[in-house]
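Student: Could we go through this model together, with the reasoning behind each term?
Tutor: Gladly; have a look at it, and then ask away.

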Amino acid sequence: MNIDNLDLAGAISTTHNGQSFQPWNMSLFDQLTSLQGRINRLRFLMLNILSIVLVIVYAFIFGLILGIIIFGLGLPEILFDIMAGIVLLPVMYVTYAISVKRLHDMNWGDGWITYLQVITFNFALWGFFPEDSSIGYWLYLGTSILAIPLIVVLYFAPGEKGTNRFGPNPLGP
């Protein structure tokens, strides 16, 4: 079977016990950016590892460019913090999209997705505060504590077996 979507969780067949089902098929780009579909725990872990590597490269490149522009021109340091917050918004979106698909896998929507949106918004807001800001510190600390239950659920709660309202099971039938 030819699978071109970095299927890390197992091969998917089109029949199971003589019954056909809709196979899971999502490109890597869709796995990182789409708000539709489902991903399982292993794929969630692997996509998070991949996104951390990409973030390190992305942040280094844009941090270097921003640093040269802002400090080279003698602009205030607060502009670097604000621009860094803007540059990191796509990173926040990718993390949000991966987490939404993981919640979809468990067939948990609505309240949990709202909870995820609040946490993502608070982390994005934290990115706009200067490093030595007490407001930024308390925002980061409070949001980190609020995120603990969500992190535990995303990494350890099993997905719903079979097809649910968000799509086919990424592991097959």
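Student: Among contacts in the chain between residues at least 6 apart in sequence, what share joins residues at least 24 apart?
Tutor: That share is 68%, where contact means heavy atoms within 4.5 Å. Keep in mind that this is a predicted model, in which local features need pLDDT of at least 70, side-chain atom pairs count only at pLDDT 80 or more, and totals for chains, interfaces and linings use all residues. Residues are numbered from 1 along each chain as its sequence is written, and side-chain values use heavy atoms, with hydrogens and water left out.

Student: Why is M92 called partly exposed?
Tutor: Buried means under 20% relative accessible area, exposed over 50%, and partly exposed in between (1.4 Å probe, protein chains only). M92 has a relative accessible area of 21%, so it counts as partly exposed.

Student: Which residues does M92 touch, leaving aside its neighbours within four places in sequence?
Tutor: M92 is in contact with T120, F123 and A124. M92 and A124 are 32 residues apart in sequence, yet their C-alpha atoms are 6.8 Å apart in space.

Student: What makes the lining of the largest pocket 27 nonpolar, 10 polar and 2 charged residues?
Tutor: Those counts follow from the classes: Ala, Val, Leu, Ile, Met, Phe, Trp, Tyr, Cys and Pro count as nonpolar, Asp, Glu, Lys and Arg as charged, and the others, Gly among them, as polar. The lining is therefore sorted into 27 nonpolar, 10 polar and 2 charged residues.
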